Amino acid sequence: MTKLTTHCLDTYSGKPAKGIKVDVYFVSNKKEKINSITLNSNGRSDNPLIEGSNFKEGEYEIVFFVGDYFKKIPDLPKRPFLNEVIIKFGVSNSKEHYHVPLLVSPWSYSTYRGS
């Protein structure tokens, strides 16, 4: 099944990043919000961000609201270095599964196209 999925790992604590709000946008002539979810206890969404015929070729953005997440960790500064992590990417074949994970710490992040 064609779909877009994500997960988020907190590399500072070595645990899934549960409770992070995530927004997904399709970007063509304008930016259109497609979905908004909160990551579960495994740092994943309960359902795909987009699936089936709603998942089309084009440009997307996933916004991870990590600032609120890191504010809850007592040993970290109350003003986080990272507030929103925005991943912009293109889908060239909407018949494939796109998995876009985020590995994040209070000071850095990385992503890749997963499986």
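These legends accompany five close-up views of a predicted model.

**View 1. A four-stranded open sheet with mixed pairing.**
Start with the strand order, which reads β3-β2-β10-β11. The edges are taken by β3 (15-16) and β11 (109-111); each has a single partner strand, so one side of each is left without a neighbour in the sheet. Look next at β2, residues 8-10, which runs antiparallel to β3 and is joined to it by 2 bridges. Within this pair, Leu9 of β2 faces a residue of β3: Leu9 stands opposite Pro16.

**View 2. Ser105, in the loop between β10 and β11.**
Here we move to the loop that follows β10 (102-104) and leads to β11. Is Ser105 buried or exposed? Ser105 has a relative accessible area of 8% and is buried, because the cut-off for that label is under 20%. Which residues does Ser105 contact, once neighbours within four places in sequence are left aside? They are Thr11, Tyr12, Phe70 and Leu82.

**View 3. A nonpolar patch on the surface.**
Tyr12, seen in the previous view as a contact of Ser105, returns here as part of a surface patch. Together with Phe81 and Trp107, Tyr12 makes a nonpolar patch of about 380 Å². Phe81 sits in the loop that runs between α1 (66-71) and β8 (85-91). The relative accessibility of Phe81 is 60%, so Phe81 counts as exposed, the cut-off being over 50%.

**View 4. Strand β8, its two faces and the nonpolar core.**
In a regular strand, side chains alternate between the two faces of the sheet. On β8, the covered face carries Val85, Ile87, Phe89 and Val91, while Ile86, Lys88 and Gly90 belong to the uncovered face. The neighbouring strand to look for is β7, residues 58-64, which runs antiparallel to β8 and is joined to it by 7 bridges. One pairing to pick out is Ile62, which stands opposite Ile87 in β8. Now widen the view to the largest nonpolar core, which has 29 residues. Leu4, Ile20, Phe64 and Val66 touch the most other members. At least two residues of this core come from each of β4 (21-27), β7, α1, β8 and β10, and β8 gives the most, with 4 residues.

**View 5. Leu4 and Val100 around a three-stranded open sheet.**
The strands of this sheet follow the order β6-β1-β9, and their pairing is mixed. At the edges are β6 (50-51) and β9 (98-99), each pairing on one side only. Strand β1, residues 3-5, pairs with β9 in the parallel sense over 2 bridges, and Leu4 stands opposite Tyr98 in β9. Tyr98 is also among the contacts of Leu4 away from its sequence neighbours within four places, a list that includes Val24, Pro48, Phe55, Ile62, Phe89 and Val100.
Where is Val100 to be found? Val100 lies in the loop between β9 and β10. The relative accessible area of Val100 is 5%, and this residue is buried. Not counting residues up to four places away in sequence, Val100 touches Leu4, Thr5, Thr6, His7, Ile62, Phe64, Ile87, Phe89, Thr111 and Tyr112. As a guide to distance, the C-alpha atoms of Val100 and Arg79 are separated by 27 Å, with the two residues 21 apart along the chain.

Technical notes. Residues numbered from 1 in each chain as written. Predicted model: local features only at pLDDT ≥ 70, side-chain atom pairs only at ≥ 80, totals over all residues. Heavy atoms only, no water. Pairing = 2+ DSSP bridges. Buried < 20%, exposed > 50% of the residue type's maximum accessible area, 1.4 Å probe, protein only. Contact = heavy atoms within 4.5 Å. Patch = residues over 30% accessible without salt bridge, like charges linked within 9 Å, V, L, I, M, F, W, Y side chains within 5 Å. Areas by Shrake-Rupley, 256 points an atom, 1.4 Å probe, with all protein chains shown as cover. Salt bridge = Lys/Arg side-chain N within 4 Å of Asp/Glu carboxyl O. Core = buried A, V, L, I, M, F, W, Y, C linked by side-chain atoms within 4.5 Å.
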